[in-house]
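Let's walk through this structure together, one region at a time. Keep the viewer open as you read, so that you can look up each residue as it comes along.

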Amino acid sequence: MVKEIERVGIPVVHVCTVTPISMTVGANRIVPAIAIPYPLGNPTLDVKEEKQLRRKILNTALVALSTEVDGQTIFEVK
Amino acid sequence: MKKFRVVHYINQFYAGIGGEEFADYKPEIRDGFVGPGMALTGAFGDKAEIVSTIVCGDSYFNENLEEAKKTILDMVRSVNPDIFIAGPAFNAGRYGVACGTICETVQKELNIPVITGMFEENPGAEMFKDKMLIVATRDSAAGMRAAVPTMANLALKLLNKEPIGASIEEGYLPNGTRVNFFDKERGSRRAVDMLLNKMAGKPFTTEYPMPDFDRVEPSPAVKDIKSVTVALVTSGGIVPKGNPDRIESSSASKFGEYDITGVNDLTADTYETAHGGYDPVYANADADRVLPVDVMRDFEREGIIGKLYNKFYTTVGNGTSTKNSKAFAADFAQRLKNDNVQAVILTST
């Protein structure tokens, strides 16, 4: 799906846990997520901390979208 | 005659421990065969036996890669097998990646033959088919009966150091290695037969499939994220509560387009997941964990992004064919383009 979106010329970032799959599929901008059943969350945290974590990942996603890449790139969440 | 010693790797589901709610199961080693190992044992006859079975949850393996590899490698080493067999994983993505990864590790570290099995569209197949023999299976466990004798046969050939024939004869996924052989018919005859079949609309098999390099150039970066409309897309199956379009829990035949105008937070009362390939408890309790509408709304309010697009696109990426996924995305990508969406965040489970 990432490739079809990219094909129409819209930059897309793939946020997912198993990044090797994303590399194989051919995503160009990749942000690693937390876990398979909760990529953008963590049920062991309290609600506020969990939202903070989600915000951090999405901030990285926005950085990825705003960064020129010339090949497949993984953007680590800082 | 001495029986060859086999170690078999399977996931929590095939071990009968449970489905997705047990996908975090840590590696454990059991004596003898478990689950599909029974059929393998039957196929081996008196030539080989499964001395131990290693069971590991698919999520545990993929989320704790280094630790899982190390633990499982130590387990395999402790029973000193002649061969390591994993799966078959059919079209289960995480299971396929786990099978390929652990086979590669065992092959490299213990220097023994390995074999696994999966469906050609399993992401693990693309990642590992040139590194080991992967038996070509159907896309679901209904293909177990056909897969087991092929795997057992190839395993015995590897153990006896017999030559392995061409992929099409032996039933493994083509790995790029070419084997010279004399065919019954000469080339010109085969080419004309192929052409006649093609013209008559009958099935034919090419002898030289073109490599599939489906890569898309990265789109230029967004210049000013503060002024653009960003859309959310997911393969994690998030849908309005009740799944109004009945998107299938696996092998999805459709995608959903849902309006989120005025929605600031996805709650347990309003959204859920239709996905059947991961434990749905966490997404059902708070779907923002998969489709982060809440934070995107905050970004919008704070001016960090221009706008959150008022619709999201969703499907279930669980055994869904590449062909379907491609068609879904080609369709909604055009809609996004028409509505001047300039960036997409796609989340996957």
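## A guided walk through the two chains

Start with K3(A): leaving aside neighbours within four places in sequence, K3(A) is in contact with V25(A) and G26(A), and also with D214(B) and V216(B). Please keep in mind that what you have on screen is a predicted model. K3(A) sits in helix α1 of chain A, which covers residues 2-7. Is K3(A) buried or exposed? Its relative accessible area is 14%, and buried means under 20%, so K3(A) is buried.

The contacts of K3(A) with D214(B) and V216(B) bring us to the interface. Here 50 residues of chain A meet 58 residues of chain B. The area buried between the two chains is about 4700 Å², and carbon and sulfur atoms give 66% of that area. Which three residues supply more of the area that chain B buries against chain A than any other three? They are V216(B), R289(B) and L346(B), which supply 15% of it. V216(B) is thus a residue you have met already, as a contact of K3(A).

Next, have a look at the empty space. Rolling a probe the size of a water molecule over the atoms shows where such space is left. The second largest pocket holds about 310 Å³. Its lining is made up of 17 residues, and those closest to the centre of the pocket are P20(A), N62(B), L65(B), K69(B) and T101(B). Both chains take part in this lining: at least two residues each come from α2 (19-25) of chain A and from α2 (58-63), α3 (65-79), α4 (93-110) and α5 (123-128) of chain B. Helix α4(B) gives the largest share, with six residues. By character, the lining residues of this pocket divide into seven nonpolar, five polar and five charged.

Now step back and view chain B as a whole. Its secondary structure comes to eleven helices and 13 strands, and its C-alpha trace spans about 75 × 55 × 35 Å along the principal axes. Chain B has 349 residues, of which 49% count as buried. How many of the contacts in chain B between residues at least 6 apart in sequence join residues at least 24 apart? The share is 73%.

The aromatic residues give some examples to follow. A pair of aromatic rings is described by the distance of the centres and the angle of the planes. Over all chains, the structure holds eleven aromatic pairs. One of them joins Y14(B) and Y95(B), whose ring centres are 5.8 Å apart with 25 degrees between the planes, a stacked pair. This pair links distant parts of the chain, with the two positions 81 residues apart: Y14(B) is in the loop between β1 (4-11) and β2 (28-31) of chain B, while Y95(B) is in helix α4 of chain B. Both Y14(B) and Y95(B) are buried. A second pair to look at is F255(B) with F328(B): the ring centres are 5.8 Å apart and the planes stand at 55 degrees, so this pair is tilted. Here too, distant parts of the chain are linked, 73 residues apart, with F255(B) in the loop between β8 (238-240) and β9 (256-259) of chain B and F328(B) in helix α11 (residues 322-338) of chain B. F255(B) is buried at a relative accessible area of 17%, and F328(B) counts as buried at 6% relative accessibility. Back at the stacked pair, Y14(B) and Y95(B) form one aromatic cluster with F13(B) and F90(B).

From F255(B), move along to Y258(B), which is found in strand β9 of chain B. At 8% relative accessibility, Y258(B) counts as buried. Y258(B) and K311(B) are 53 residues apart in sequence, yet 5.3 Å apart in space, C-alpha to C-alpha. Apart from neighbours within four places in sequence, the contacts of Y258(B) include V239(B), P240(B), N310(B), K311(B) and F312(B).

Our last stop is R190(B), in helix α8 (residues 187-199) of chain B. With a relative accessible area of 24%, R190(B) is partly exposed. Not counting residues up to four places away in sequence, R190(B) touches D183(B), E185(B) and E207(B). By contrast, R190(B) and A152(B) are 38 residues apart in sequence and 32 Å apart in space, C-alpha to C-alpha.

Methods
Residues are numbered from 1 along each chain as its sequence is written. Chains are lettered from A and ligands numbered from 1 in the order in which they are written. This is a predicted model: local features need pLDDT of at least 70, side-chain atom pairs count only at pLDDT 80 or more; totals for chains, interfaces and linings use all residues. Side-chain values use heavy atoms; hydrogens and water are left out. Helices (H or I, at least four residues) and strands (E, at least two) are DSSP runs, numbered from the N terminus. Buried means under 20% relative accessible area, exposed over 50%, partly exposed in between (1.4 Å probe, protein chains only). Contact means heavy atoms within 4.5 Å. On a 1 Å grid over the protein atoms alone, a cavity is a set of points where a 1.4 Å probe fits but cannot get out, and a pocket is an open set with protein on both sides within 12 Å along at least five of seven lines; lining residues have an atom within 4 Å of a point. Grid points are joined across faces, edges and corners, and a volume is the space filled by probe spheres set on the points. Ala, Val, Leu, Ile, Met, Phe, Trp, Tyr, Cys and Pro count as nonpolar, Asp, Glu, Lys and Arg as charged, and the others, Gly among them, as polar. Rings of Phe, Tyr and Trp (its six-membered ring) pair if their centres lie within 6.5 Å; planes under 30 degrees apart count as stacked, over 60 as edge-to-face and the rest as tilted. Buried area is the accessible area (1.4 Å probe) that two parts lose on being put together, summed over both.
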